[in-house]
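Okay, thanks for coming, everyone. Let me put the model up and talk you through how the chain is put together.

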Amino acid sequence: MTERKPFVGGNWKMNTNRTTSADLTRQVVDALNTVHGVETAVFPPFPYLLAVRTILRDRGSAVKLGAQDCYHKPDGAFTGEVSLDMLKDCGVQMVLCGHSERRHVIGETDELINTKTRAVIDAGLTAVLCIGETLDQRESGHTDPVNQRQLRAGLAEISGDAMANVIIAYEPVWAIGTGKTATPEDAQGVHAKLRKLLAQMYNNEVADRTRIVYGGSVKASNAEELFRCPDIDGGLIGGAALKAPEFAGICKAAVKQPK
Ligand code: PGA
């Protein structure tokens, strides 16, 4: 089986300001200085990307810079949108696609999310494709079909080779920002099914090497039991990513768990 390097991303959402984003970046860099064996990234709001990037670069940090969204068109009359060239210009290396808040608050469709995911890959960046069922869908027994549909649709027309630039984030919507975390058994069950589906869509090698991370109320105190599961390769962190010691604790918990 391929060794998958764990990944932990901190999604700051629409939080922080000019001062606190810089402070948080410095604290995260310091806290992660001696942490190896896990790929880490922060996803600040657009206006602070450049300042965060400068801090990461000046401090020689391995923490990667991510954006929370993008627009797939290269340029033109798209008021309010941000292109991938602009993001690359600001040093962005990865982009979230289809985060549940973009699906359910902003109204992004599977088709748009796929278009964005393909554009991120074409731009040479890593796409973090987020999928996950709502509480209604879970309670009506539709967890698997919803996640399968979102995975298939999100990855439409993306080749097995291009999958090297994709991370999947399974984030059950009912667990995001609610303090309710999926049990390790539940999350592992979904992750294993997603990996099986990747094997069907591509092949065993792609399924084996693709990282599938979990998101939804991950904290330093519950990270280890989640990341110990064989198919959970790290996490996408919201609230807990706004506190550097907490985020660092989660990153440390992801460092190669014996599986
Ligand atoms: P949370 O958010 O950790 O605050 O639940 C996770 C996410 O939305 O990525």
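Before I start, one cut-off, because I'll lean on it a lot: a residue is buried when its relative accessible area is under 20%, exposed when it is over 50%, and partly exposed in between. And keep in mind that what you're looking at is a predicted model.

So, take tyrosine 71: its relative accessible area is 18%, which puts it under that 20% limit and makes it buried. Phenylalanine 78 comes out at 30% relative accessibility, so that one is partly exposed. I picked these two because their rings form a pair. How do you describe a pair like that? You give the distance of the centres and the angle of the planes. By the rule we use, the count is two aromatic pairs. For tyrosine 71 and phenylalanine 78, the centres are 5.2 Å apart and the planes sit at 45°, so we call the pair tilted. If you want the reasoning, stacked needs planes under 30 degrees apart and edge-to-face needs over 60, and the rest are tilted.

Okay, zooming out to the whole chain. We have 11 helices and eight strands. The C-alpha trace spans about 45 × 45 × 35 Å along its principal axes. The radius of gyration is 17 Å, and a compact globule with 259 residues would be near 18 Å, so the two agree. Of those 259 residues, 53% count as buried. On contacts: among those with a separation of 6 or more, 74% are between residues 24 or more positions apart. And for the surface people, the chain exposes about 11,600 Å², with carbon and sulfur atoms supplying 50% of that.

Now the strands, and I'll begin with strand 1, residues 7-11. Is it buried or exposed? Mostly covered, with five of its five residues buried. Phe7, Gly9 and Asn11 point one way, while Val8 and Gly10 point the other.

Who does strand 1 pair with? On one hand there's strand 2, running parallel and joined to strand 1 by five bridges. In that pairing, glycine 10 has valine 42 as its bridge partner, and asparagine 11 stands opposite phenylalanine 43. Then there's strand 8, residues 234-237, also parallel to strand 1, with four bridges. There, glycine 9 has leucine 236 as its bridge partner.

Moving on to strand 2, residues 39-43: this strand is mostly covered, with five of its five residues buried. Glu39, Ala41 and Phe43 point one way and Thr40 and Val42 the other. And yes, that glutamate is on the buried list too. Strand 2 also pairs with strand 3, residues 64-67, in the parallel sense over two bridges. Valine 42 turns up again here, standing opposite leucine 65 in strand 3.

Last bit: how do we get from strand to strand? Strand 1, helix 1 (residues 18-32) and strand 2 make a right-handed β-α-β unit. Then strand 2, helix 2 (residues 49-58) and strand 3 make a right-handed β-α-β unit as well. If you're following along on the screen, strand 2 is the piece to click on, since it belongs to both units.

That's what I have, so over to you for questions.

How values were computed:
Residues are numbered from 1 along each chain as its sequence is written. This is a predicted model: local features need pLDDT of at least 70, side-chain atom pairs count only at pLDDT 80 or more; totals for chains, interfaces and linings use all residues. Side-chain values use heavy atoms; hydrogens and water are left out. Rings of Phe, Tyr and Trp (its six-membered ring) pair if their centres lie within 6.5 Å; planes under 30 degrees apart count as stacked, over 60 as edge-to-face and the rest as tilted. Buried means under 20% relative accessible area, exposed over 50%, partly exposed in between (1.4 Å probe, protein chains only). Two strands pair if DSSP finds at least two bridges between them. A crossover is right-handed if, with the strands pointing away from the viewer, the path from the first strand over the helix to the second runs clockwise. The radius of gyration is taken over C-alpha atoms; the globule rule is 2.2 Å times the number of residues to the power 0.38. Contact means heavy atoms within 4.5 Å. Accessible areas come from the Shrake-Rupley method with a 1.4 Å probe; for residues, only the protein chains shown count as cover.
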